[in-house]
Amino acid sequence: MSAAQAPTADGQAQGPAVRPPRHEVDPVLTIEDLSVEYRAETTVRAVDHVSLTLGRGEVLGLAGESGCGKSTLAYGVNRLLKPPAVVTGGAVRFHSREGHVVDTSVLDGDDLRLFRWEKISMVFQGAMNSLNPVKKIRDQLGDVFATHRPSMTRRERVLRSGDLLERVGVDRNRLLAYPHELSGGMRQRVMIAMAMALDPQVMIMDEPTTALDVVVQREILQEISRLRAELGFAVVFITHDLPLLLEISDRIAVMRAGRIVEEAPAMTLYTRPQHDYTKTLLSSFPSLTGAHGDFVRSGSADLADSGGER
Ligand SMILES: Nc1ncnc2c1ncn2[C@@H]1O[C@H](COP(=O)(O)OP(=O)(O)OP(=O)(O)O)[C@@H](O)[C@H]1O
C-alpha cells in the first residue's frame, strides 16, 4: 500500500490521493450562473446560465463557433457590455491574492476603472486599431501609468514603458514610433503590453491574434505563454480556432448557443471528448487528425499524465 492509500480510522483503505484541480483550490475568477440578453426587436439570450471558474495562473480556453456568445461572456465578465445587452442573472467574482472576494456587479466609477486595468485586463481582436494614431507609443503606454500610478515620474514612466515593450518582443526604440509606423503584429504586441502594464491577475484575450498572419500569430502566442509562466497571470483565451486552443490552454470550455456544453483539461478534451458537439467541432479541423502539435508549449505528454493540471 502506498503512502497515498493510508487506512482511514475505520480501517478501510482509501484510494490514491488525487490532487484537486487548481481552479477548485485557488480560483481567481468565478462566473456563477451568468445570463445576458440582447433586448432589441427580438430578444437574444447570448449567454445562458454560464458557470465557469478560472484558476490562478491558469489558461482557460473558450471555444465555440461564431455567434455562440463568447465575446458577450468576455465583455460581461469585464463589465463592458452596453445596451441593448442586459445582464439578467448571475454573478462574477474576483478573488484577490490576499483572499478578498469582489462581486464585480457592485463596482462603478473609479472602482470599476481600477478593477479593469489593475485586476482584469482585456485584449480584443481589433485592439491594435484602437491606438491613438497621432500619439507616440511612449505617450500611450505612459498614459496608463500617469493615470494609475500618479507618483511615478516621467522618466520612470518612459523606463517602465520601454521595459514593457521589450517584454512583448518589441525593441524599446519603438517608443518613439507612431502606430502607423508599426506592423499589425507589433501594434497588437503594444496592446498586450498595455494590458499587462499594471500586472493584472487576469487577462481576457478575445481572438487577440486572429487578424494576424500565422507566423506572427505563433510568435505572439509563444510570447503570451512565456509571460504567463514568468508573471503568473491567468488567461481566458477566446477563439473559434480549437487547434490553437488545444496548444495554449490548460483547460477548455466549449460553448454552444450561449451555454457551456463541455469543460475539461485540454488533453482530455482532445483525447476523450464527451459531448457530440465537441466531437463535431474537433472533427471540423482536419489538422487535429494528425499529431497534436506542441510548438507553443512543450510537455504535452506530461499534460496527459497529469490530467491537464500543471
Ligand atoms: N449588439 C447586439 N445586439 C443584438 N444581438 C447581438 C449584439 N451583439 C451580439 N448579438 C448576438 O448575440 C449572440 C452572441 O454573439 P457574440 O458576439 O457574443 O458571439 P461570439 O461567439 O463572440 O461570435 P464571434 O466569434 O463571431 O465574435 C449572437 O447571436 C449575436 O447575433
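**Exercise 1. Find which helices lie across strands β6 and β7, and describe how each is directed relative to β6.**

Solution. In this predicted model, begin with helix α6, residues 184-196, which lies across β6 and β7 and runs at about 170° to β6. Then turn to helix α3, residues 109-119, which also lies across β6 and β7 but runs at about 70° to β6.

**Exercise 2. Work out the order of the strands in the sheet that contains β6, and state which strands are its edges.**

Solution. Following the pairing from strand to strand, one obtains an open sheet of six strands in the order β6-β7-β8-β3-β9-β10, and the pairing is mixed. The edges are β6, residues 120-124, and β10, residues 259-265, since each of them pairs on one side only. From one strand to the next, the twist averages 15°. Looking at one pair in detail, β6 and β7 (residues 202-206) run parallel and are joined by five bridges, and within this pair Met122 has Ile204 of β7 as its bridge partner.

**Exercise 3. Decide whether the residues of β6 are buried or exposed, and sort them by the direction in which they point.**

Solution. A residue is called buried here if 20 or more other C-beta atoms lie within 10 Å of its own. By this criterion five of the five residues of β6 are buried, and the strand is mostly covered. The next step is to recall that in a regular strand the side chains alternate between the two faces of the sheet. In β6, Ile120, Met122 and Phe124 point one way, while Ser121 and Val123 point the other way, and all of them are buried. For the background to this count, buried residues make up 38% of the 310 residues in the protein chain.

**Exercise 4. Describe the sheet of four strands, and identify the helix that packs on it.**

Solution. The four strands form an open sheet in the order β2-β1-β4-β5, and their pairing is antiparallel. Its edge strands are β2 and β5, the latter spanning residues 101-103, and each pairs on one side only. Neighbouring strands of this sheet are turned against each other by 5° on average, with direction ignored. Strand β1, residues 27-39, is joined to β2 by nine bridges, and the two run antiparallel; within this pair, Tyr38 has Val44 of β2 as its bridge partner. The helix that packs on the sheet is α2, which touches β1, β2 and β4 (residues 85-95), and its direction makes about 65° with that of β2.

**Exercise 5. Determine which residues come nearest to the ligand, and which elements supply the shell around it.**

Solution. There are 14 residues around the ligand, and those that come nearest are Tyr38, Ala46, Ser66, Ser71 and Thr72. Tyr38 has already appeared as the bridge partner of Val44 in β2. Next, assign the shell to elements: β2, residues 43-55, and α2, residues 70-77, each supply at least two residues, and the largest share, three residues, comes from α2. Finally, sort the shell by chemical character, which gives six nonpolar residues, seven polar residues and one charged residue.

Terms used: Residues numbered from 1 in each chain as written. Predicted model: local features only at pLDDT ≥ 70, side-chain atom pairs only at ≥ 80, totals over all residues. Near = placed C-beta within 6 Å. Nonpolar A, V, L, I, M, F, W, Y, C, P; charged D, E, K, R; others polar. Pairing = 2+ DSSP bridges. Axes fitted to C-alpha atoms, helices over the stretch in contact; angles between N-to-C directions. Contact = placed C-beta atoms within 7 Å. Buried ≥ 20, exposed ≤ 12 C-beta atoms within 10 Å, placed from the backbone.
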